[in-house]
Amino acid sequence: MMKATNKWVHVLLAIAGLVMTCIGGFALRGEALSGVSGLLIGSGSVLLVLGLGNTVHSIWMNKSSNQAMYAERLRQKEIDVQDERTIRLKEKAGWKTNITIFYILMAVTVLFSLIGVEPIVVTVLASVFIFQIGLGIFLFNYYAKKM
């Protein structure tokens, strides 16, 4: 069950977001304040949507029919998190994603060096590439000792 104070925190979050959006959009005018204005509009929009979404969610959760359904979903989610098949699927998906990003990073590094991009950019990309290899070796050894 959602606490009443959490509801008010979400409402205050939405109000703060609305105020920030209004200040950024209407009060701060001029070229000198355009950066601050954009920052306030962006941050205010995020806070407004976050506050409204959490407020609607907390109101929806107070219905007794929704609480029973949510409790069942939460119980099933806890079972799924501990399921070995789900754990293995996540590990395999993470591994495949890592390999794909590794090859993309390698190709971008070689491409950037061939087309003459600034040397510092190529150096940073190569450093990330080398860091990823080193991290992989370190984690392999760490988990080999741990398991």
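This report describes the fold, the aromatic pairs and three single residues of a predicted model.

## Overall fold

The secondary structure of the protein consists of five helices and zero strands. Read from the N terminus, the order of elements is α-α-α-α-α. The radius of gyration is 24 Å, whereas the globule rule gives 15 Å for 147 residues; the value is well over that figure, so the protein is more spread out than a compact globule. Along the principal axes, the C-alpha atoms fill a box of roughly 55 × 55 × 25 Å.

Contacts between residues at least 6 apart in sequence include a share of 52% that join residues at least 24 apart.

## Surface and charge

Of the 147 residues, 13% count as buried. The accessible surface of the protein amounts to about 11400 Å², and carbon and sulfur atoms account for 72% of that area.

Charged side chains number 14 positive and 8 negative. The centres of these two sets are 5 Å apart.

## Aromatic pairs

The model has four aromatic pairs. One of them joins Phe102 and Phe129, whose ring centres are 4.9 Å apart. Their planes meet at 20°, which is under the 30 degrees that bounds stacking, so this pair is stacked. Phe102 belongs to helix α4 (residues 84–115) and Phe129 to helix α5 (residues 119–146), so the pair ties together parts that are 27 residues apart in sequence. Phe129 has a relative accessible area of 18%; because the limit for buried is under 20%, Phe129 counts as buried. Phe102 and Phe129 also form one aromatic cluster with Tyr103.

A further stacked pair is made by Phe138 and Tyr142, with 6.4 Å from centre to centre and 20° between the planes. The centre distance falls within the 6.5 Å allowed for a pair, so these two rings are counted. Phe138 and Tyr142 are four residues apart in helix α5, which means that about one helical turn separates them. Tyr142 has 40% relative accessibility and is therefore partly exposed, as the range for that class runs between 20% and 50%.

## Thr109 and its contacts

Thr109 is located in helix α4. Its relative accessibility is 11%, so Thr109 counts as buried. With neighbours within four places in sequence left aside, the residues in contact with Thr109 are Val122, Leu125 and Ala126. Helix α5 covers residues 119–146, so these three contacts of Thr109 fall in that helix. Thr109 and the pair of Phe102 with Phe129 thus each link helix α4 to helix α5.

## Thr123 and Arg73

Thr123 is a residue of helix α5. With a relative accessible area of 46%, Thr123 is partly exposed. Ser113 is ten residues from Thr123 in sequence, and their C-alpha atoms are 9.2 Å apart in space. By its number, Ser113 falls in helix α4, which spans residues 84–115.

Arg73 sits in helix α3 (residues 64–82). The relative accessible area of Arg73 is 54%, and because exposed means over 50%, Arg73 is placed in that class. Arg73 and Asn54 are separated by 19 residues in sequence and by 18 Å in space, taken from C-alpha to C-alpha.

Methods:
Residues are numbered from 1 along each chain as its sequence is written. This is a predicted model: local features need pLDDT of at least 70, side-chain atom pairs count only at pLDDT 80 or more; totals for chains, interfaces and linings use all residues. Side-chain values use heavy atoms; hydrogens and water are left out. Rings of Phe, Tyr and Trp (its six-membered ring) pair if their centres lie within 6.5 Å; planes under 30 degrees apart count as stacked, over 60 as edge-to-face and the rest as tilted. Helices (H or I, at least four residues) and strands (E, at least two) are DSSP runs, numbered from the N terminus. Buried means under 20% relative accessible area, exposed over 50%, partly exposed in between (1.4 Å probe, protein chains only). The radius of gyration is taken over C-alpha atoms; the globule rule is 2.2 Å times the number of residues to the power 0.38. Contact means heavy atoms within 4.5 Å. Accessible areas come from the Shrake-Rupley method with a 1.4 Å probe; for residues, only the protein chains shown count as cover. Lys and Arg count as positive and Asp and Glu as negative; His and the chain ends are not counted. The place of a charge is taken as NZ of Lys, CZ of Arg, CG of Asp or CD of Glu.
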